[in-house]
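Here's a quick read-through of a two-chain model, aimed at someone who likes to know the cut-offs. Have the viewer open while you go.

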Amino acid sequence: MTADTLITLALIVLFVPLFSFVLLLAFGKRLPRQGDSIATGLMFANLALAVVVMIGTLNLPETDPVPGFPNEPAQASITWVDFQSSITVFGQDIPLRIELGVMLDPLVGIMLVVVMIITALVHLFSIGYMHGDPKYHRYFAYLGIFAFSMLGIVVTNNFLMMYAAWELVGLSSYLLIGFWYEKPMPAYAGTKAFLVNRVGDIGMWTGILILFTSYGTFRFDKIFAYIAAGQLPFGSEAWLTAAGILIFMGAIGKSAQFPLHTWLPDAMEGPTPVSALIHAATMVAAGVYLVARTFPMMSGGALIVIAAIGTITAFIAATIALVQNDIKKVLAYSTVSQLGYMILALGVGAYTAGFFHLVTHAMFKACLFLGSGSVIHAMHGGLHHIHDHDTDPQDIRNMGGLAKKMPVTFTTFLVATLAISGVPLFSGFLSKDEILAGAWAFGSLTGDIAVLIPWVGFIVAAMTAFYMFRLVILTFLGESKRPDIFEHIHESPLTMKIPIITLAALSIWIFYSFNPISAPSGWFVKSVKTPVTVTAGNWYNLAHGEAHGADMVEQDAAHTQDVLEGEQVQGTIEHHIGIAANANQEALEHAMHEAHYPAMITSVLLALSGIAFAFAMYRRRMINPDRLAARLRPVHTFLLNKWYFDEIYEKWVVVPGVHLIARMMRWFDTYVVDGAVNGAASITRLQSHVSGLFDKWVVDGLVNFVAYAVGFFGILLKKTQTGRVQAYLAFIITGVVVLVYLYFYAII
Amino acid sequence: MQFPILTLITFLPILGMVIVLLLPKERIRAIQSTAAIATGLQVLLAVLIWAAFDTAKTGINDVATMQFVERLPWIVIPETPWFGEIRIDYFMGIDGLSMPMVLLTALISFLATFSSFSIKKSVKGYFAMFLLLDTGMMGVFCSLDMFLFYVFWEVMLLPMYFLIGIWGGPRREYAAIKFFLYTLAGSVLLLLVMIGLYFSTVDPQTGVHTFNMIAMMDPANVTQGIFATVGSTARMLAFVGLFIGFAIKVPIFPFHTWLPDAHVEAPTAISVILAGVLLKMGTYGLLRISFPIFPEMTLYFQIPMMILGFVNIVYGALCAMAQTDFKKLIAYSSVSHMGYVLLGMAALNVQGMTGAVLQMFNHGTITAMLFLLVGVLYDRAHTRGLDEFGGVYNKMPVYSFLTVIAFFAAIGLPSLSGFVSEAFVFLGAFQTNKLWTILSTLGIVLGAGYMLWTFQRVFMGTLPEKWEDVLDDVNGREIFTLVPLAIIIIAIGVYPSPALNWMSASLGHLVDLVNSSTAEVLFSAF
């Protein structure tokens, strides 16, 4: 299959779900069965196509180490925006334009299939689960837009499209979490999910700004090639590290890592199939995919941050999952914890292991969520039957013994639980073992505090086995705690059974490696090779790495030239480094190989002891869990309240940081800024009032005074006009006498 | 002499106004139709202009590449004391900077006309004023002579005063006077600088002083008077004065407080015009007049302008978050979104400038849609209190779906137009100044915060009983006003290139023009 055909097929895979979305949104109500079968059919067809694409990508030729890519990716780009201008990148003017494009390599191919498997099965499952919902067609439309945006994240070859698709999955997540928006909790949870994700997105966006400003392109391969050529953002290693950590912030949000993990448990307010699809298997794994995609450009500083965040997340979430009583909450915290595992793996450089765990986790966690959906559906039916609308159908304290009534659900749930617990012969064992071996190798190579990473990894493995079996025992085994509901419990219909059976089957080792105890001998690990890092300072600067052959320098430089199409890169190749780091990666792989069996044995022992402990506490009642909880009251309360993250954020961030400041700003705006405006108006009016008074009493007063004075004298003089001749004669004589007097005495 | 299409598009509404005035006031249908036909023809002309527009021509400071130019002697007084010979031209023309604004003005006026059909009080007077306003706005975007620009600028003020003051809400008189006086104060600054520029500029062709803006952009013509020395204090004061004059219109913090009052009191259609077109006149003035005539001062004040952009974005968003009145919230969101325009243009590079002008256009369409949507709700419920609603989605699904589009466009969701312009603004601004750009990204979260919180309060949850019989879904007329905007928002969001091609040549030229001047940069350390 040529690269062009492959890309065409991938584009069809990408746009089919969008078609489904538009079709159902526009005509959903008028379609037969509100379009559910059309949407589901489209998704299964799309899955078949995705498998074809995956096979194509697995056969892509291996390359000499092109910076950042083990296989020559099939790529195609179009110019989306041309600014008709240029931008200066390391002294060279390159055209300023934005390209959109797709890229296919094994990583992409596998992700396409994973996304489509879960999407198609969740469509099928939802037909039964969402039956009778008043917004039925809208639900399937939303699933379509989700699949489209998720596939967009996967197939893109540049950061801008990645960010765009990233936001679109945020939208579909918002719409689906808040699907039952009539109720206050889903409405709140949807908003919370979107906003918490946006906090991470700010970081991701800033990281992208750094890269674009430095390199004038969003494309992964071009950016990797620049970095490989030693051309760092703004010329410094620190900026590269900053860009890496900032982009990772996007993953912290989307993959629900500490400290932004709080949205994911609340997201369980959405319909359960949605939880399986978006909030367990695919969208939350997008962060892991992002880190895998950008792994080659992550500097040592960035990777250590990634490893630390992953470790902390895995631990915190596992502890919380130990004590939760809501079936979906346990699974949600389990998801957060497992995502932490994947992030941890990528951070320590166990690239393949991290991505492998993404895939196996997608299958068994989707199975667990759909299984819990099956349980909730049955509980709901039971409660409905006895007209009980107050009991929580998701609380495991109301369940127990369901295995008898729901054998298929129970069996598949158990298979998936064995997988997540890391029991041999199941998929989770293979991938988790790889992660723990990687962490072990990393710890032993770097020493110091990094030793904590494998330690925590093992503790989490034990806790995972414990809380998962606690869940299985309390839900399916023992006696029912509510016989009244139990009576009316029924196994779910076939459309719901097929997906969980399929997913349970996919949780078995055989699909990933024929050898049940060795992942590296399977096709998966062989297909997904760790890309050569393009950064200089890798996390463990081993002495022998530096000494690796200098002859590769020339070769890599030539590749760099190829990728950038001769747009730049002259000289400065001396700085080129991929080689030393590559040697480091080889060292890690060697150490992983050595750690493989010790890690495996340790993890199996821990998993089995976790399972045994769960049986001892909840099945055999050798330890009374309530008494244990009472004895450890402060710890238990602390865990039950999820380490108080929500309370702390609410009390110290949201309320003072946003609402209070917003209110202060409103006050400032109303009374200070606008106060100044109104004050100016008042002063002007006061001044005009004074002017008015002055005008009335002084200016006009003067005018009136003159008039008055004239009038006064007029009245006065009027009295002389008597009409008597004698008086006039007397006036004349007096006048003459006065004049004569003046003439002779006064003037002369 | 080519066909005077700009004159026609500018004065067509006046013609409509004359017809409206001649019609008896009882004939409401005829009055409404006249307004619809006048603005409809205006849209048609705008589309013709768009079709005939040559995207390769740069314009800005080059009259030869201005398009659809019309130039006639207008006021010619051979000899006057003090002033000497006065020659003022009727000088119109457009380039890539004004073309998007012409399109926007025609479109928004047309849609606002239909939204105005719900006006019941003295319809004749309303539409007469409305059409006069339309002429004023269109004239501002088509003028190349500063005197003419100023005349249109003031022409638009008067009808706006009456439209708010007569057809507005309970506090309409206060809001109208505040709007009028505030804008007039800005006009005074504009007038002062304009007169100063007049006495400093000599038209090379006629040898007398001129109001020709293009002539003012060439330092070779600015040889006399107070603005002759590049980098002088007088020019600095002139730039600041002009900036404040335009900032009031944008509005830029702290000159923005007239906006919430005007928006809350104005009838829906006038809010639409106000947010859709009027605010753009401020940023347009900065780009058309301040930047090319005072390029060295633009460079000098680059960082302060970026800081103001940041303040607008974050301050506007925080204020929006604390509002309980739907319209006031949208008004403050305008303050925030116009901050992106300022941030982008102050970046003084192609990405930022393109983002800024595209954001002007996008904000025009998105916010117009938001105000139309608020109007729909207000027409039914007669209240805008955010806390009085809930569960509107199930009651009004089509309305709510359109609201989702507008809200997410305002939030900057990719595939909708708001994202494209905001992204370009950030790309440009980051290249110029990292600190204030990174701080401005806070707007990404805050913007989503107030919008989604509003959505949650109004559309989600359960419907209060009192609205059960009141809220009907959007009618045909409302759909007719909303859907074109939604289509434009999606089209530009998915494929912005056609829109960008209008402006790229002109904006690239403008950026080069400003950057080719030399000046120190204030606060360069930030």
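The largest nonpolar core in this predicted model has 453 residues, where a core is a set of buried Ala, Val, Leu, Ile, Met, Phe, Trp, Tyr and Cys residues joined through C-beta atoms within 7 Å. Helix α14 (residues 351–385) of chain A puts in the most, with 18 residues. L112(A), V288(A), A366(A) and V102(B) have the most contacts inside this core. Once neighbours within four places in sequence are set aside, L112(A) touches V13(A), A50(A), V53(A), M54(A), L151(A) and V154(A). "Contact" here means C-beta atoms, placed from the backbone, within 7 Å.

A word on bookkeeping: residues count from 1 along each chain as its sequence is written, while chains are lettered from A and ligands numbered from 1 in the order written. For this predicted model, local features need pLDDT of at least 70 and side-chain atom pairs count only at pLDDT 80 or more, but totals for chains, interfaces and linings use all residues.

On to chain B, which has 21 helices and two strands (DSSP runs numbered from the N terminus: H or I of at least four residues for helices, E of at least two for strands). Its radius of gyration, taken over C-alpha atoms, is 22 Å, which agrees with the value near 24 Å for a compact globule of 526 residues; that rule is 2.2 Å times the number of residues to the power 0.38. The C-alpha trace of chain B spans about 75 × 60 × 40 Å along its principal axes. Of its 526 residues, 62% are buried, i.e. 20 or more other C-beta atoms lie within 10 Å of their own (12 or fewer is exposed, in between is partly exposed). A30(B), in helix α2 (residues 28–52) of chain B, is partly exposed because it has 14 C-beta neighbours inside 10 Å. By contrast, 16 of the 16 residues of α17(B) are buried.

How many residues of chain B contact chain A? There are 39, meeting 39 of chain A. α19(B) brings the largest share of that side of chain B, seven residues. The residues on that side split into 24 nonpolar, 15 polar and no charged (Ala, Val, Leu, Ile, Met, Phe, Trp, Tyr, Cys and Pro are nonpolar, Asp, Glu, Lys and Arg charged, the others, Gly among them, polar).

Confidence, with pLDDT running from 0 to 100 per residue:

| Part of chain B | Mean pLDDT |
|---|---|
| whole chain B | 90 |
| strand β1 (residues 67–80), lowest | 86 |
| helix α3 (residues 99–115), highest | 94 |

The complex gets an ipTM of 0.92 and a pTM of 0.90.

Notes
Contact = placed C-beta atoms within 7 Å. pLDDT = per-residue confidence, 0-100.
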